[in-house]
Amino acid sequence: MQNITGTSDIFGEALEKFVFVENTARDYFSSLGFEEIRTPIIEYQEVFTKSLGDVSDIVMHQMYSFEDKDGSQVVLRPEGTAPAVRFYIKNLQYSKPRSKIFYIGPMFRREKPQKGRYRQFHQIGCEIFGFGSGESDSYLIYIADSFLKKLGVESIALVNSIGCRVCRPRYIEQLREYTYSKDLCPDCVRRREKNPLRVLDCKIDAEKLNDAPAISDYWCEDCKYNFDKVCKYLSDFSVKFRHETKLVRGLDYYTGLVFEFYHKDDMKSAILAGGRYDFLVEFMGGKPTPACGFAMGIERLINFIQMPSRAPRGGVFIAYTEDTREFAFWLFRSMKESKDLLRQKKVIDEKYVRIVEEFTKGRLEINLDPSRGLKSQFRQADSEGYKFIFIIGMEEVSGKFISVRDLEKSEQFQISLQDFRTFLQ
RNA sequence: GUGGGUGUAGCUCAACUUGGUGGAGCAUGGGACUGUGGCUCCCAGGGUUGCGGGUUCGAGUCCCGUCACCCACCCCA
């Protein structure tokens, strides 16, 4: 038995990083007024064929799709923007036309797996609807940048504008014309017809295309004005960015501003990307609404995240011997069930405060195998990073005290059972 | 989807030029210390060598197929 190609069980260190990224995102984007949404993992196929363009690779070969029992075509979502737009049209466009939302979840694309590329992968995305200004563009890039900083990921942003409905068709025509004068690789010959912009992305032909016409020379007044404004604001926000004239996007719905973030040491695969898509809402059946968003790949992100090597010690572990287990479990339950001891000021004696904190705010666990020796229980408590061990043996029960070992300081002391019981009641 | 590389214990890797009874470190469990962690020492458990076929007296090793992972292309977050 093995898991499906390109999927993985996430656990241990990788899971810690996942959770860290997700929690940081939730806190940060919420604090900026974004609302979280969770859309279904399965959608009707048309949600994506309509939005991504039916010639895109994702739609043509990469979607997991199947016929549902009622005959409808259903897919596992390959990306998050189209469902977000569907959600916006259905739930927000009238009640809250200017909306900021974010999502976190798995996406599916049937590609050949590789580093940073999996068939089930996870994205965090932010989308803003109803804002059409350069201010909103640069704001979005700024929060992407500051989020990466929060994670400790050193990044560089590439920005460009692929023009609007007015100027892009003019440019595409010129670009296609230009490519006929070049000897291009077979892939590019194919792309030239379908999606000439992507020829600029080609790695093989990159040098040949150095003198290709640049979109920036074809921008209309509005596009130029807007792009300059974005660059100015980005400088004001001190975002590290570069105008990359050859930057384009793979998905059809983008218009105007586009951007990608890379880790500073790895310019090969983008960790975050996005752009403006002013006509998608309308195209999917909503009111004309300007929109802009980005998504990042969690798997790609966590390659660059360093978690603190070892968490500080914390918590209480109860160790006992075979003949004291009843008492030990009674103690465990009493401790587990007594909350807010400190707020109730039940803990009078100063010397107990730290211990009580450890098991009310931190971990409290008890040995589950009565046949184990104390040594083995100590080893477990140590390797799992507990701070205190409560030792319950015959000596303690008959002497009416608890031995407490501080694993950090390697000290051991006794506390009176009578004292301890008074505030557990 | 195309091309290349790699699959040996839970993990990282040995097993040589030329086929001859698969080992170590780490991790886990136990002991030395019969009620005390980390350090040290000792012992133990764990493997159809990814899977299937072929060549051979004999295959972890050579050949073919297949699957998985990694790398590049492609695509994209």
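# Notebook: strand 11 and its surroundings

I began with strand 11, where both faces turn out to be covered: A291, G293, A295 and G297 are buried on one side, and C292, F294 and M296 are buried on the other. By buried I mean under 20% relative accessible area, with exposed being over 50% and partly exposed in between, for a 1.4 Å probe and protein chains only. That two-sided listing fits the textbook picture, as side chains in a regular strand alternate between the two faces of the sheet. Seven of the seven residues of strand 11 are buried, so this strand is largely enclosed by the rest of the structure.

Ground rules, before going on. This is a predicted model, in which local features need pLDDT of at least 70 and side-chain atom pairs count only at pLDDT 80 or more, while totals for chains, interfaces and linings use all residues. Residues are numbered from 1 along each chain as its sequence is written, chains are lettered from A and ligands numbered from 1 in the order in which they are written, and side-chain values use heavy atoms, with hydrogens and water left out. Helices (H or I, at least four residues) and strands (E, at least two) are DSSP runs numbered from the N terminus.

**Entry: the sheet around strand 11**

Which strands pair with strand 11? I found strand 6, joined to strand 11 (residues 291–297) by seven bridges and running antiparallel to it. I also found strand 10 (residues 272–276), antiparallel as well, with five bridges to strand 11. Pairing here requires that DSSP finds at least two bridges between two strands.

For the register with strand 6, I noted that F129 has A291 as its bridge partner, and that C126 is partnered by F294. With strand 10, L272 stands opposite M296.

Next I followed strand 6 (residues 120–129) outward. Nine of its 10 residues are buried, so I wrote it down as mostly covered. Strand 5 (residues 99–108) joins strand 6 through 10 bridges, again antiparallel. There I picked out P106, which stands opposite H122.

**Entry: the whole chain**

I then zoomed out. Chain A comes to 15 helices and 16 strands. The domain assignment gives domain 1 as 12–167 + 219–302 and domain 2 as 316–424; such bounds come from an automatic or database assignment. I get 50 Å between the C-alpha centres of the two domains.

The radius of gyration is 29 Å, whereas a compact globule of 425 residues would come out near 22 Å. That radius is taken over C-alpha atoms, and the globule rule is 2.2 Å times the number of residues to the power 0.38. The C-alpha trace spans about 95 × 50 × 45 Å along its principal axes.

Of the 425 residues, 48% count as buried. Among contacts with a separation of 6 or more, 70% come from residues 24 or more positions apart; a contact means heavy atoms within 4.5 Å.

**Entry: three buried side chains**

What does S161 touch? This serine is in strand 7 (residues 155–161), and beyond four places in sequence I list I215, W219, F227, G256 and L257. S161 is buried at 4% relative accessible area. A polar atom of its side chain lies 3.2 Å from the backbone nitrogen of G163.

Y171 lies in helix 6 (residues 168–179) and is buried at 1%. Setting aside neighbours within four places, its contacts are L197, L200, P213, A214, I215 and Y218.

S403 belongs to strand 15 (residues 401–406) and is buried at 5%. Its side chain makes a polar contact of 2.6 Å with that of E396. For such a contact I need a pair of N or O atoms within 3.5 Å; within protein, one must be able to donate a hydrogen and the other to accept it, and residues adjacent in sequence count only if both atoms are side-chain atoms. Its contacts beyond four places in sequence include I389, F390, I391, Q412, F413 and Q414.

**Entry: positive phi**

I flagged two non-glycine residues. S238 has phi near 45° and sits in the loop between helix 8 (221–236) and strand 8 (241–243). K400 has phi near 55°, in the loop between helix 14 (394–399) and strand 15. Buried or exposed? S238 counts as exposed at 55%, and K400 is exposed at 58%.
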